[in-house]
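This report is written for someone meeting the structure for the first time. It deals in turn with pockets, domains and annotated spans.

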Amino acid sequence: MFDLIARYIPLIEKIKLKSRKGLMIATLSRFLFIPCFYFTAKYGDQGWMIMLVSFLGLTNGYLTVCVLTVAPQGYKGPEQNALGNLLVLCLLAGLFSGVALDWLWIIGNGKF
């Protein structure tokens, strides 16, 4: 739900992230979720996990829209189209690998 909400946040021009450097920093900073999820799963409560998943959904939706709209700017015609296709291919590869790894996680834990 938060991913869907966050996809509409960039419609407000004042809070849309347009800097390529800012987008790269925001995207790479999402790796900080890994230790957060680890320590929350080990020591935290369910409420903290819900908050982390919600924030992950917010950043995912917001950054997806910002990157897909800002990255092709600055290129002309065919290059812009090719870059858009490459970005969508990477998005689909990420979705596919996430689903595949999720099934491996379920099977590996014996909860299948």
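Which element gives the most to the lining of the largest pocket? In this predicted model, that element is α5, with 10 residues.

## The largest pocket

The largest pocket holds about 1000 Å³ of space. It is lined by 27 residues, and those closest to its centre are Arg30, Leu56, Asn60, Thr64 and Gly94. Two or more lining residues come from each of the elements α2 (20–29), α3 (33–43), α4 (46–70) and α5 (77–108).

When the lining of the largest pocket is divided by residue class, 17 residues are nonpolar, six are polar and four are charged.

## The two domains and the pocket between them

The domain assignment of the chain gives two parts, domain 1 covering 1–71 and domain 2 covering 83–111, and the C-alpha centres of these two domains lie 17 Å apart.

Where does the largest pocket lie with respect to domain 1 and domain 2? Because domain 1 (1–71) and domain 2 (83–111) both give residues to its lining, the largest pocket lies between them.

## The second largest pocket

The second largest pocket has a volume of about 170 Å³. Its lining is made up of Arg20, Leu23, Met24, Thr27, Val67, Val70 and Ala71, and the elements that give two or more residues to this lining are α2 and α4.

The largest share of the lining of the second largest pocket comes from α2, which gives four residues. By residue class, this lining divides into five nonpolar residues, one polar residue and one charged residue.

## Spans annotated as transmembrane

In an unreviewed entry, UniProt lists residues 21–41, 47–71 and 83–106 under "transmembrane region". How much of the span 21–41 is helix, and how much is strand? In the model, residues 21–41 are 86% helix and 0% strand, with the end C-alpha atoms 32 Å apart.

For residues 47–71, another of the spans that the UniProt entry lists, the model gives 96% helix and 0% strand, and the end C-alpha atoms of this span lie 35 Å apart.

Note on methods. Residues numbered from 1 in each chain as written. Predicted model: local features only at pLDDT ≥ 70, side-chain atom pairs only at ≥ 80, totals over all residues. Heavy atoms only, no water. Domains from an automatic or database assignment. UniProt positions renumbered as here; feature names shortened; annotations may be inferred. 1 Å grid on protein atoms, 1.4 Å probe; cavity = no way out; pocket = protein on both sides within 12 Å on 5 of 7 lines; lining within 4 Å. Points joined across faces, edges and corners; volume = space filled by probe spheres on them. Nonpolar A, V, L, I, M, F, W, Y, C, P; charged D, E, K, R; others polar.
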